[in-house]
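Biologist: I've got a model open and I'd like to learn how to read it. Could you walk me through it, feature by feature?

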Amino acid sequence: METATSPEVASGSSLKVKEARPADAERPQASPQQGAGSPVPQLPSTIEEHPKIWLPRALRQTYIRKVGDTVNLLIPFQGKPKPRATWTCDGCALDASRVSVRNGERDSILFIREAQRADSGRYQLSVQLGELEATATIDILVIERPGPPQSIKLVDVWGSNAILEWTPPQDTGNVALLGYTVQKADTKSGLWFTVLERYHRTSCTVSKLIVGNSYAFRVFAENQCGLSETAPITADLAHIQKAATVYKTEGFAQRDFSEAPKFSQPLADCTTVTGYDTQLFCCVRASPKPKIIWLKNKIDIQGNPKYRALTHLGICSLEIRKPGPFDRGIYTCKAVNPLGEASVDCRVDVKAPH
């Protein structure tokens, strides 16, 4: 068949003229007055409009319907006198038990009450008038929800993460999948929460799981019709346990703070007035804590009620109560511990009041 392109043919349709036989090409052409018996094909002189199909724009791409939906396509055409309109599916005649066709003067209607996946295919409308023929093709795809993934497996649990794997569904619903929806549920609440949507791979890692909880997981397949009606659930639970804390102590050498007595602040010479209490101060550093001994003119005065000796945080003090002339002399503070001893001296002078 040769296809003749006409400026009147709508987008999505084509106009055809039947090819003349080779034997006819050798015969001399006859004039129109030779009658219908002429071996050369002639266009009927009564054709007022060539056949032409007006294919709606929405039908120039795949027409998608869900299983159970109604298919009701109205395709306008032209041709005068009334052309003959016929439908085929994938080059074969339509199944009259499922598909009905109504041809009018200016249009043809294709009707399927409840579409099934078997109704998918390439439908062709042919409008013929004499030797002229216009055709239009419509791709119909009937889809439904996909089946569930075949299985799901908990591969590993580490920290607060779980690794999952699953296998694609056997039935995608007659259309490509949009992806997978992964959900989790902890055993305490039993509620399902979505963690991934339209995920394209068949393995994933679910993170930020709560320590102390146990989780189950399930996966839905999704296409243009929606999610699969069911979803496989992991047979094993993911138990999120608190990681054991290991404290590593670094070895270190014990420092020896032992120290022989050493005076950081010596005694200072002083002059006092008879009858006025006087205090002597010095500071000593030692470890272990030293024993403090006070001497006057190299004589131990420990226990003498005239003197009161105190030691606090390394500060040594000696109070001379109401000193008199006999309290003049050299005072010594001696510090002694197992590592050694040290001492400091000062001179105290007592004057009579004026």
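**Reading the strands, the core and a buried acid**

Modeller: Sure, let's begin with one pair of strands: β23, residues 291–296, pairs with β24 in the antiparallel sense, over two bridges. Keep in mind that this is a predicted model.

Biologist: What stands opposite K296 in β24?

Modeller: That would be I299. As for the general idea, strands of a sheet pair through backbone hydrogen bonds, either parallel or antiparallel.

Biologist: And what is the strand order of the open sheet of five strands?

Modeller: Read across, the order is β21-β28-β27-β23-β24, and the pairing is mixed. Look at the edges next: β21 (270–273) and β24 (299–300) each have a single partner strand, so one side of each is left without a neighbour in the sheet.

Biologist: How many helices and strands does the chain come to?

Modeller: One helix and 28 strands. The chain has 354 residues, and 36% of them count as buried. Among contacts with a separation of 6 or more, 63% are between residues 24 or more positions apart. The accessible surface is about 22100 Å², with 51% of that belonging to carbon and sulfur atoms.

Biologist: Now the inside. How do I read a nonpolar core?

Modeller: The general idea is that in soluble globular proteins, nonpolar side chains tend to be buried together. Here, the largest nonpolar core has 23 residues, and I53, L73, I75, I138 and I140 have the most contacts inside it. At least two core residues come from each of β5 (71–80), β6 (84–89), β9 (107–112), β10 (121–129) and β11 (132–143).

Biologist: Which strand gives the largest share of this core?

Modeller: β11, with five residues. That strand is mostly covered, too: nine of its 12 residues are buried.

Biologist: Which residues does L73 touch, beyond those up to four places away in sequence?

Modeller: L59, Y63, S108, I109, L110, I138 and I140. Apart from this core lies another one, of 19 residues, including F263, C333, A335 and C346.

Biologist: Let's stay with β11. How does β10 pair with it, parallel or antiparallel?

Modeller: Antiparallel, over nine bridges. One place to look is S126, which stands opposite T135 in β11. The hairpin of these two strands has two residues between them, and G130 there takes a positive phi near 65 degrees.

Biologist: And how many bridges join β4 to β11?

Modeller: Four, and here the strands run parallel; β4 covers residues 63–66. Find Y63 and you'll see that its bridge partner in β11 is I140.

Biologist: I also spotted an acid, D119. Where is its place?

Modeller: In the loop between β9 and β10.

Biologist: Does D119 count as buried or exposed, and why?

Modeller: Buried, because its relative accessibility is 5%, and the cut-off for buried is under 20%.

Biologist: What does the side chain of D119 have for polar company, then?

Modeller: Its side chain makes a polar contact of 2.7 Å with the side chain of R98. In addition, a polar atom of the D119 side chain lies 2.8 Å from the backbone nitrogen of Q116.

Biologist: Which residues is D119 in contact with, leaving aside neighbours within four places in sequence?

Modeller: R98 again, plus I112, E114, I140 and V142. You've met I140 already: it's among the residues with the most contacts inside the largest core, and it's the bridge partner of Y63.

Notes:
Residues numbered from 1 in each chain as written. Predicted model: local features only at pLDDT ≥ 70, side-chain atom pairs only at ≥ 80, totals over all residues. Heavy atoms only, no water. Core = buried A, V, L, I, M, F, W, Y, C linked by side-chain atoms within 4.5 Å. Buried < 20%, exposed > 50% of the residue type's maximum accessible area, 1.4 Å probe, protein only. Contact = heavy atoms within 4.5 Å. Pairing = 2+ DSSP bridges. Polar contact = N/O pair within 3.5 Å; in protein donor to acceptor, adjacent residues only side chain to side chain. Areas by Shrake-Rupley, 256 points an atom, 1.4 Å probe, with all protein chains shown as cover.
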